[in-house]
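Biologist: I would like to learn how aromatic ring pairs are read from a model. Could you take me through them step by step?

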Amino acid sequence: MSKKHIAILTVILAILIDQISKIYIKTHFQLGEEVIVFNDWFRIHFTENNGMAWGFEFGGKAGKLFLTLFRVVAVTGIVYWLWQSIKKKAHTAVIIAIALILAGAVGNIIDSVFYGVIFDSSYHNVATLFSEKPYGELFHGKVVDMLYFPIYEGESFTFFNAIFNGADSWITIGVALLFVFNKQAFPKEEKETKQVL
């Protein structure tokens, strides 16, 4: 399989897994609903945010629109980076890493751009896909998060209290792969040494 096909397959599969899991959660869980998957430290906990890391918000609707448009521009840059890496015959792990980062970015953009106009609210309600009364507007959707790993919970402290989704996972895995394969991802160009006569 060519590196181009590996990249395309990685992006498609990662986006599909991300979106299928989000749509399932949206159409089967109410906001805040939680299911313990394994031994209390792995849970499915449905929450939504406006798309910034750890649920931060800024600038209201204008800030949300800016963030979404910024992501679209960033994805264009990642596509170019992936294309150049394929052309330069970069290491397969590097191609997969960039493809995962691209898929993660696209996955969260889909939520931000479309979810506000295809779902109704999940507040005290299981959302309906293609609802006649959507909760938001185009480019103002909320990102669905559900993966929760509270490895340790004390009275005033929880270790690893972030709630995230498949798209976030792909970005994290992609960045980790780039660290592991950093020499292949960012090769140093050999400098020609000139001898002074």
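Modeller: What follows is a short reading of the ring pairs and of one serine.
This is a predicted model, in which local features need pLDDT of at least 70 and side-chain atom pairs count only at pLDDT 80 or more, while totals for chains, interfaces and linings use all residues. Residues are numbered from 1 along each chain as its sequence is written, and side-chain values use heavy atoms, with hydrogens and water left out.

Biologist: What describes a pair of aromatic rings?

Modeller: A pair of aromatic rings is described by the distance of the centres and the angle of the planes. Rings of Phe, Tyr and Trp (its six-membered ring) pair if their centres lie within 6.5 Å, and planes under 30 degrees apart count as stacked, over 60 as edge-to-face and the rest as tilted. The count by this rule is 7 aromatic pairs. For Trp-41 and Phe-149 the centres are 6.3 Å apart and the planes stand at 35°, so this pair is tilted.

Biologist: Which parts of the chain does that pair link?

Modeller: Distant ones: Trp-41 lies in the loop between strand S1 (34-38) and strand S2 (42-49), and Phe-149 in the loop between strand S3 (143-148) and strand S4 (152-153), 108 residues apart; strands (E, at least two residues) and helices (H or I, at least four) are DSSP runs, numbered from the N terminus.

Biologist: Is Ser-169 buried or exposed?

Modeller: Buried means under 20% relative accessible area, exposed over 50%, and partly exposed in between (1.4 Å probe, protein chains only). Ser-169, in helix H4 (residues 166-180), has 15% relative accessibility and therefore counts as buried.
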